[in-house]
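Please open the structure in your viewer and keep the selection tool at hand. The tour proceeds one selection at a time.

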Amino acid sequence: MRRFRNRAIFGAVTLTLALIAGAALSQERPESILPPGFNETQPAPPPVVERSAPRPAPVSPQTGGAPPVDLVVGEDEEGESGLIGNEFADEAAGTPPPPDPVAIAEYELPSYARRSLAQIGIIGVSEGGVPATGFGNSGGRWLHTLMGRLDAPLPSRWLSIALRRVLASRLDTPRDVNGADFAAERAWLLVRMGEGQVARAMVQAVDSDNYTPKLREAALQSALATGDPALLCPVVDGALAGPHDRAWVLIDAICASLSGIAGQGGPQINAARKAGTARGIDLLLAEKAVGTGTRRRAVTIEWDSVAQLTAWRFGLATATGTEIPETLFAGVSPRVLSWRAQASVLEPMTRVPAAEMAAAQGVLSSTALIDLYGEVDEGDAAATEAAAIARDLRAAYTELDRTARLTALRQIWGEARGSRRDYARLILTSHAAAALPPAADTDTDRLIAAMLSAGLDRGALRWRTVAARGSDGWALLTLADRFGALRLSAGELRGYDGGTAGDRRLKRQMFFAGLAGLGRLDPATLSTLATELEVDVTLDNGWTRALDRAAARGETATVVLLSAVGMQTANWHGVSAAALYRIIAAMHRVGLDGEARMIAVEALTRL
């Protein structure tokens, strides 16, 4: 089938508590997700600049070099709503941090190519990032602790998108931490969020001369998440010069092979085998990666005796085009599914289930998910569930009859199993829903939810005249309205009884929390309804005080990070209305109104 040319149909793929009050820098390494024998290491020495003999530039076995990464997920996350590139109030621009001692050391690079560690990142404000002063005067060690202990992924797609943008932004390095270590902490959190591509770009934003042991570890994790061992070649000599995981010995062999020098890599693999550095499938995958570079070593990979899929096995299997049995993906962390969804070397049919989960987490945009189903539709897997959904999606755009298009959408929604998959199907159908002319019918609420799942608020607001007052669709549009300056009365809010599906009581509380956080209720109404709905809007603890202080100082990045800290739970049922109110209010106060509105909408949609 020919591919749709309309960007809104099959557009191009676009690459995405309790307060930890102590100020001490977390010394914890990223939890080991390498196979046994690869996590034995001595304590890392203080950060130093490693200077080793340059190695010939490697060529990635997958791509011929690291491709540019589009770090702001998707047209749909901006959609028609203009959520990208908010104008942030720079109220708390603190004193710029002094140059990092490492940053002013001698470089092998020419002076014009040097990159300072005083400010590190990938995107600026015009590209969807936050201001360089987004963390204000917050202590770097405190920020390290928050990021290092943040449990990812988050239940909220839209908060995850906001957090990714913060972590990818060009930010001033806090004065009390090393710039490379600060980049490492951000990259490691991105890896745990499933954002391997962005993590890879983050570690590449630091010159290899400035790598610290912590950043090399983050680079290793990023390389495995993206199936790109060539990422590590510029820093492998520095890693081997000090205490190191045994994984680096095998990485050194792979990089020697990728250098293009005949005879490199193979002898090192043989030596590693004799020394017992690794064994079994872990050694065989490294040997296969070496063979990819030399084109001389044929290695057969057998998974029969493998019981666990580690990051090492995922990364090298992906790098070498080795198929991983589906059984090994059962029960893996959501982050691994997101890595798989972004592995373009895999067949579309293989990536589809993981891509739906990644879209629900905010890693993939709706246009990326739609495009992937477009590739499935072009393929020959006619008898599969994914192919049937792709055909229904095509019909949802191309059928001339409105009833036929709605029938196709219902087929897609009806195939969903579980709350996360159900939300992913809303994301998948978002643009098709927006293409329908507004009309009152039994699917109005779901069509509105689908549009707003991708941030298409202007398209969704066209349905305001047909959404029944007090319905789920009406509540979603009330929260999504960017021009909603009119405050609701207590009677109007009581008119929403939680809709027709889901946790109706919690949805009423969340609707109230969203309106209150967005400033849509006057003080008297807020107080009355807070008591009536049993939502503690005066909640006071270390987390709320830190969030309020950050919002008052206009620290956009700190507000987003603390909001994520306050939403560490498996799903939306674990998020309290009181916490949602404080998160929405803080984000609204620092200029993240679009994200605040979408998080409030998401809460109602996913309960």
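Begin by selecting residues 402-414, which form helix H17 in this predicted model. At 1.5 Å a residue, these 13 residues should span 18 Å, and the C-alpha atoms at the two ends are 18 Å apart, which agrees.

Next, within H17, select Arg405, Leu406, Ala408, Leu409, Ile412 and Trp413, the buried residues of this helix. Turn the view to look down the helix axis: the buried residues fall within an arc of 155°, so they line one face of H17. An α-helix has 3.6 residues a turn, so residues three or four places apart point the same way. On the face turned away from the buried side, select the exposed residues Thr403 and Gly414.

What do the buried residues of H17 pack against? Display helix H16 (385-398), helix H18 (419-428), helix H19 (430-434) and helix H20 (444-453), which are their partners.

Now move to the N-terminal end of H17, which Asp401 caps. A side-chain oxygen of Asp401 lies 3.1 Å from the backbone nitrogen of Thr403.

Then select H18 together with helix H14 (residues 348-361). Their axes are 8 Å apart and the packing angle is about 85°; H14 and H18 are therefore roughly perpendicular to each other. Among the residues that meet here are Pro353 and Met357 in H14, and Tyr423 and Ile427 in H18.

Finally, select Ser365, in the loop between H14 and helix H15 (366-378). Is Ser365 buried or exposed? Ser365 has a relative accessible area of 0%, and is therefore buried. A polar atom of the Ser365 side chain lies 3.1 Å from the backbone nitrogen of Ala368.

Technical notes: Residues are numbered from 1 along each chain as its sequence is written. This is a predicted model: local features need pLDDT of at least 70, side-chain atom pairs count only at pLDDT 80 or more; totals for chains, interfaces and linings use all residues. Side-chain values use heavy atoms; hydrogens and water are left out. Helices (H or I, at least four residues) and strands (E, at least two) are DSSP runs, numbered from the N terminus. The expected span of a helix is 1.5 Å times one less than its number of residues. Buried means under 20% relative accessible area, exposed over 50%, partly exposed in between (1.4 Å probe, protein chains only). The arc is that of the directions from the helix axis to the C-beta atoms. Contact means heavy atoms within 4.5 Å. A polar contact is a pair of N or O atoms within 3.5 Å; within protein, one must be able to donate a hydrogen and the other to accept it, and residues adjacent in sequence count only if both atoms are side-chain atoms. Axes are lines fitted to C-alpha atoms, for helices over the stretch in contact, and angles run from 0 to 180 degrees between N-to-C directions. Angles under 35 degrees count as roughly parallel, over 145 as roughly antiparallel, 65 to 115 as roughly perpendicular and the rest as oblique.
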